[in-house]
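I opened a fresh page to keep track of what I looked up, one topic at a time, and I put the structure first so that I could follow along.

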Amino acid sequence: MKVLVTGGTGYIGSHTVVELQKKGYEVVIIDNLSNSTKDVIYSIEKITGVLPEFHQFDLCDEKLTKDFFLKNKGIAGVIHFAAFKAVGESVEQPSKYYKNNLGSLINLMSYMNETQVKNLVFSSSCTVYGQPDVLPVNENAPFKKAFSPYGHTKQICEEIIEQTGKIFGFKTIALRYFNPIGAHESALIGEFPIGIPNNLIPFITQTAIGKRDYIRVFGKDYDTPDGTCIRDYIHVVDLALAHIIAFERMLNNKTKSSCEVFNLGTGNGFSVLEVINTFEKVSGIKLNYKIVDRRAGDIEKVWANTQFANEELGWNAKRGLDVMMLSAWKWEMALKEKVRKLFN
Ligand code: UD1
């Protein structure tokens, strides 16, 4: 059975392609490589023994999107990851984010509909909740005013999917990720930030390997036990597996409405300092860090109520913070080795 994965060479996309292939699905990837590289498909092949079919183009290009769907018949459904995701950049260049994240979704849904592809899994985010009033946050919590254009695009995309999906007669599932981290156990695929990382874990691993001098801990005056922000970190492989379950839920007609929404987290919150300590424990490396001012746009604390995903999807996040940090560290070391080989 053929599955289209947009953004399939990206961080979460590539891990999902691996799990789909392991279950025997035939995967077709569309990616414009704006934040990834083509060699990811060869790493996927090393892990699974199957080279995924790859098309490099931008889903914002309506003609190319139309041509793709007209030429590629027999797609059972789409898992849509392709989007820009840097919160800070979205504040500097909001139009870039609205055009890309909304434009690609609109084109995708239009031509899915024209060619009778009616199943869609969407990559959403806990950012849609803003700072929730109740923790752990469940799927019924209202959307709060978005903290960034990036977050706003996730809210709007969910609304587009709900409205358009109903009219087109689609089955749709939006998966709201908490903080995906870690890497595949093979250390052949992982998060590959271009330039200076924005996110905590790549910053930690790059500091540990000597690329960065120290980690800036953004704020120690939050209303949390140690004063640093709390997030619900989830292993990217656990996250990837939830996509396969969601996809099969649609194929097997198990969905209960045209647009379902699930939180994907572990249900456990960890502070920035707890994350740093865990990394130090599993890697045996002492990290340099400095407390600096709060980062604009950060929310204080968020973690998931995962009951709905656990019960309805029959899915549970299995990997703990130790495994997440160790896999991220192995991936960073593997990257260093790859670069060393390239230049020797
Ligand atoms: C944000 C978004 C999330 C999005 C992700 C992708 C929100 C609420 N979350 O996650 O939806 O998918 O970006 O980029 O908008 N930190 C440091 N030092 C650093 C980096 C981070 O102390 O150098 C702290 C942050 O203050 C935060 C935590 O680490 O408390 C996690 O930050 P990060 O990894 O950037 O993810 P979020 O901002 O939570």
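**Entry 1: an open pocket.** Which residues line the second largest pocket? Before listing them I noted that this is a predicted model. I then found the lining to consist of E19, K22, A183, H184, E185, H235, V237, R319, V323, L326, S327 and K330. The space in this pocket comes to about 200 Å³, and the elements that give two or more residues to its lining are α1 (11-22) and α11. Of these, helix α11 supplies the largest share, with 4 residues. When I sorted the lining by class, I wrote down 4 nonpolar, 3 polar and 5 charged residues.

**Entry 2: along helix α11.** I stayed with this helix, which covers residues 321-343, and looked at two of its aromatic residues. Is W331 buried or exposed? W331, which has its place in helix α11, has a relative accessible area of 9%, and because the limit for buried is under 20%, W331 counts as buried. I also looked up a partner far away in the sequence: W331 and E191 are 140 residues apart along the chain, yet their C-alpha atoms are separated by 8.3 Å.

F343 lies in the same helix, α11, but here I noted a relative accessible area of 69%, so F343 is exposed, given that exposed means over 50%. Together with V339 and L342, F343 makes a nonpolar surface patch of about 370 Å².

**Entry 3: a closed cavity.** How many cavities of 30 Å³ or more are there? I counted 1 cavity by this rule, and about 30 Å³ of space lies in the largest cavity. I reminded myself that rolling a probe the size of a water molecule over the atoms shows where empty space is left. The residues around the largest cavity are H80, A82, A83, N101, F122, T153, K154 and C157. Helix α6, made of residues 149-168, gives the most to this lining, with 3 residues. By class, I recorded 4 nonpolar, 3 polar and 1 charged residue in the lining of the largest cavity.

**Entry 4: backbone details in the loops.** Where along the chain is P136 placed? I found P136 in the loop between β5 (119-125) and α6, and I noted that the peptide bond from L135 to P136 is cis, with omega near -5 degrees.

Next I looked up positive phi values in residues other than glycine. L33 has a positive phi of about 60 degrees although it is not a glycine, and L33 is found in the loop between β2 (26-30) and α2 (39-48). Q116 also has a positive phi without being a glycine, with a value near 65 degrees, and its place is in the loop between α5 (94-114) and β5. For Q116 I added the accessibility as well: its relative accessible area is 58%, so Q116 is exposed.

**Entry 5: a residue in the first strand.** My last check was on V5, which lies in strand β1, residues 2-6. V5 has a relative accessible area of 0%, and it is therefore buried. I ended with a distance from V5: its C-alpha atom and that of G165 are 18 Å apart in space, while the two residues are 160 residues apart in sequence.

Methods
Residues numbered from 1 in each chain as written. Predicted model: local features only at pLDDT ≥ 70, side-chain atom pairs only at ≥ 80, totals over all residues. Heavy atoms only, no water. 1 Å grid on protein atoms, 1.4 Å probe; cavity = no way out; pocket = protein on both sides within 12 Å on 5 of 7 lines; lining within 4 Å. Points joined across faces, edges and corners; volume = space filled by probe spheres on them. Nonpolar A, V, L, I, M, F, W, Y, C, P; charged D, E, K, R; others polar. Buried < 20%, exposed > 50% of the residue type's maximum accessible area, 1.4 Å probe, protein only. Patch = residues over 30% accessible without salt bridge, like charges linked within 9 Å, V, L, I, M, F, W, Y side chains within 5 Å. Areas by Shrake-Rupley, 256 points an atom, 1.4 Å probe, with all protein chains shown as cover. Salt bridge = Lys/Arg side-chain N within 4 Å of Asp/Glu carboxyl O.
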